[in-house]
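Biologist: Could you show me the model and take me through it?
Modeller: Certainly; here it is.

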Amino acid sequence: MNKRFGILAFALMLIVASATLSSIAGCQNEAVGNEDGDKERETFRPTGLPVVDKPITLRIPMVKQPYFNDLNEMVTLRELERKTNIHIDWKQIPVEGFKDRLNLMLAGGELPDAFFYGLGSQDVVKYGSLGVLVPLEGLIEQYAPNIRRLLAEYPQVRRAATAPDGHIYSLPWFKDQEFFEYRNTFLINQTWLDALGLKMPETTEQFYRVLKAFKTNDPNGNGLADEIPATFRYNVTTNGYYELFGAFGVVDAVNNLYIKNGKVGFEAVEPRYKEAIGYLHRLYGEGLIDQQTFTQDSKQLLSKTKNDVPIVGVLASFNGTLELDLERLKQYVPMPPLAGPEGDRIWRRQDNRIIPNYFSITSANKHPEATMRLVDVMNDPKSVLQFQQGPFGTHLKEREDGKIEVLYPPAGNDLGYWIGSVTPSTALPLMISKPWLDKVIPHETDQLRDRFYQVYKPFIAKEEETYPSLYLTPEQNKRVSMLGADINKYVRQMEAKWIVQGGVDAEWDAHLTELNRMGLEELMKIRQDAYDQYRRIR
């Protein structure tokens, strides 16, 4: 018995010793693991390059525009990886269905590490408040000197990026290009004016008479009554007729919102809006506005502006190069804003210098500091120009005087494809300040656009009179989505009906009653509350 007991006791001692050794080994292994984790974290550099000593990979979805090359082959992105030691696993998604794919990722699919272009403002506020998107302001303060400097220089950019809860969940695209303050130029055929001995119209009545002459006096000289005095498209910003409303004092006939003395108003209930609708009906009723304005798409419009024989007298365009080739564009000049019956001359502001939601970091990201530094490196003043236009040597040239030339593509190459072969510039979170833009010698299309801008600059609606792009709380978004969609649809339907058929005076009171029934008062209170909150952001 004693012998057996001794054997059992010895075996028990071996088991205990073995367990103790295993425990010690486990602790040692844990210590090694923690040390490795610390070393992994230590590879991140708060300043300088590369961003990390040991390569890491980030997963980011990216829209695949038709004019983009494979992102993995773009020289600007490959150089970014070389400089930072950060590899990006691009999920390249065709533009058709891109938004749906992002929605699936947010709603329960596999989250990427970051989003660039593509999220909506409602997405940013909703998923920011849920913790799916992480606040960026602390990361910007610590690790993004280029972005931090720009936000300090342009407080309006910080305001536009700040959610109602005070956090920044997404950074915008920003380019301090003055001519982005408005959208449409009205181009009028100067050759036709000269042929008919007409002066540039300066008032709504003079414009009416010019269109009448274009319709009846054969300005293209082919002996046919084929002229279209003015052609537009309905319910769009580019190619729309909405700038004509400014002659009647309407600030914004697209969003139908305006600011006066800090109070938000709705254009489509104002007498000036009714008067503008009546004027447009007069033009349409006499065939002075294209009768297909309310049905045509962009291809149909282009078939008219690019017709073999010039048949269009007036059109609205960003700079005319899409609708008219450069040779035909020489026949057209920008038509200054018209003065209305009360002397109003307002040109609609559409400020595209700031476009929201171009960069967010998700909660799935294990390297948020490195990701923020990656985007800040991209926004180094000299780098940002290359991400926008293409690299030095092939797309840009730095001169001895410090100026930067934008080089033209080889003959036969489209400019969009030329840039899109080396950088996805339109989809990157780029922020470009005026001092650096001033170093760039603008290319021909920018020179053209700036020349047009100088015509409209004195008349563009003031920033403080225009309702800004801003974030709403999730609760506000929910109500605005319900009320705003129905009200905007109704207003657009009545706009088209009254311009085509008339009747705005007879139906005006019923129109006001219907808007009140649809909840306009509640909608405007939400808009006012959101605007007040926006103004408090510093």
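Modeller: What follows covers one helix, one strand pair, and then the cavities and pockets.

Modeller: This is a predicted model, in which local features need pLDDT of at least 70, side-chain atom pairs count only at pLDDT 80 or more, and totals for chains, interfaces and linings use all residues. Residues are numbered from 1 along each chain as its sequence is written, and side-chain values use heavy atoms, with hydrogens and water left out.

Biologist: Is helix α13 buried or exposed, and why?
Modeller: Helix α13, residues 368–378, has 10 of its 11 residues buried, so the rest of the structure largely encloses it. Buried means under 20% relative accessible area, with a 1.4 Å probe and protein chains only. Helices (H or I, at least four residues) and strands (E, at least two) are DSSP runs, numbered from the N terminus.

Biologist: Which residues of α13 are buried?
Modeller: Among them are Pro368, Arg373, Asp376 and Met378.

Biologist: New topic: in what sense do β1 and β2 pair?
Modeller: Strand β1 (residues 56–64) and strand β2 (residues 86–94) are parallel and share 9 bridges; two strands pair if DSSP finds at least two bridges between them. Aspartate 89 in β2 is the residue opposite arginine 59.

Biologist: Through which helix does the chain cross from β1 to β2?
Modeller: The chain passes through helix α2 (residues 75–84), giving a right-handed β-α-β crossover. Right-handed means that, with the strands pointing away from the viewer, the path from the first strand over the helix to the second runs clockwise.

Biologist: How many cavities of 30 Å³ or more are there?
Modeller: The structure has 3 of them, and the largest has a volume of about 50 Å³. On a 1 Å grid over the protein atoms alone, a cavity is a set of points where a 1.4 Å probe fits but cannot get out, while a pocket is an open set with protein on both sides within 12 Å along at least five of seven lines; lining residues have an atom within 4 Å of a point. Grid points are joined across faces, edges and corners, and a volume is the space filled by probe spheres set on the points.

Biologist: Which helix gives the most to the lining of the largest cavity?
Modeller: Helix α20 does, with 3 residues.

Biologist: And what volume has the largest pocket?
Modeller: Its volume is about 1,800 Å³. Of its 43 lining residues, Tyr67, Phe318, Asn319, Leu415 and Thr426 lie nearest the centre. Helix α15 contributes the most to this lining, with 5 residues.

Definitions and conventions. Buried means under 20% relative accessible area, exposed over 50%, partly exposed in between (1.4 Å probe, protein chains only).
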